[in-house]
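Let's take a walk through a protein together, starting from the outside and working inwards. Keep the picture in view as you read.

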Amino acid sequence: MELEPYLMFNGNCEEAFTFYKSVLGGDFTSFIRYNEMVEGNLMPEEEQDKILFIALPVGEGARLMGNDTTEELPVQRGQNMALSISLDSLEEDKVKLIFEQLSEGGEVLMPFQKTYWADWYGMCRDKFGVQWRINYRVTEYI
């Protein structure tokens with residue numbers, strides 16, 4: 001199980017991560033724009049160049065991850081962070097249970113479902129207001 005910070009931006013993700021890279025060092029291990037999305041790209045033309053996913057290794061075995069949000073899901077400064085849990089060594093039923101338990105009493109932001117980048121993925125806000133991104137990947141995608 002990996003627990004990593006996930007930062008969200010309203011169009012300046014690339015600028016922010018370029019800054020973090022200059023401070024923390026390292027090289028991006030992932031840098032994908034919305035216009036590179038494999039399937040399901042419904043982004044308006046003016047948002048196609050935004051960052052879909054970016055990852056910067058920080059320290060041993062940890063990554064700082066992020067993306068630009070859409071106009072439909074803007075974030076407010078100070079509330080633009082989530083915790084991402086990557087699970088690949090647990091049984092699928094256990095992963096679904098973790099998502100259900102974290103979202104109980106809170107809000108499901110994206111239902112737990114199969115995606116083109118993961119076997120199962122979902123986003124929720126727990127009853128304490130913390131946003132979680134649960135990623136379960138057995139198959140290699142992106």
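The accessible surface of this protein, which we see here as a predicted model, amounts to about 8600 Å², and carbon and sulfur atoms account for 51% of that area. Charges are part of the picture too: there are 12 positive and 25 negative side chains, and the centres of these two sets lie 4 Å apart.

Now step back and look at the overall fold. You can find two helices and eight strands in the protein. Starting at the N terminus, the elements follow the order β-α-β-β-β-β-α-β-β-β. The radius of gyration is 15 Å, close to the 14 Å that the globule rule gives for 142 residues, so the protein is as compact as a globular protein of that length. If you drew a box around the C-alpha atoms along the principal axes, the box would be roughly 40 × 35 × 30 Å.

How do parts of the chain that are distant in sequence come together? Take the contacts between residues at least 6 apart in sequence: 52% of them join residues at least 24 apart. As for the inside, 42% of the 142 residues are buried.

A good place to see burial in action is strand E8, residues 131-136. Six of its six residues are buried, so E8 is largely enclosed by the rest of the structure. Try looking at the strand from both sides. One face carries Gln 131, Arg 133 and Asn 135, the other carries Trp 132, Ile 134 and Tyr 136, and all of these are buried.

Which strands pair with E8? One partner is strand E5 (residues 81-87), which runs parallel to E8 and is joined to it by six bridges. Within this pairing, Ala 82 has Gln 131 of E8 as its bridge partner. Another partner is strand E7 (residues 120-125), which is antiparallel to E8 and also has six bridges to it. Here Arg 125 stands opposite Gln 131. E7 and E8 form a hairpin with five residues between the strands, and Gly 129 there adopts a positive phi near 90°.

Finally, let's visit a loop. Lys 50 sits between strand E2 (30-33) and strand E3 (51-57). Is this lysine buried or exposed? Its relative accessibility is 15%, and because buried means under 20%, Lys 50 counts as buried. Leaving aside residues up to four places away in sequence, Lys 50 touches Gly 11, Ile 32, Arg 33, Tyr 34, Asp 68 and Thr 69.

Notes. Residues numbered from 1 in each chain as written. Predicted model: local features only at pLDDT ≥ 70, side-chain atom pairs only at ≥ 80, totals over all residues. Heavy atoms only, no water. Helix = DSSP H or I, 4+ residues; strand = E, 2+ residues; numbered from the N terminus. Rg over C-alpha atoms; globule rule 2.2 N^0.38 Å. Buried < 20%, exposed > 50% of the residue type's maximum accessible area, 1.4 Å probe, protein only. Contact = heavy atoms within 4.5 Å. Areas by Shrake-Rupley, 256 points an atom, 1.4 Å probe, with all protein chains shown as cover. Lys, Arg positive; Asp, Glu negative; His and termini not counted. Charge placed at Lys NZ, Arg CZ, Asp CG, Glu CD. Pairing = 2+ DSSP bridges.
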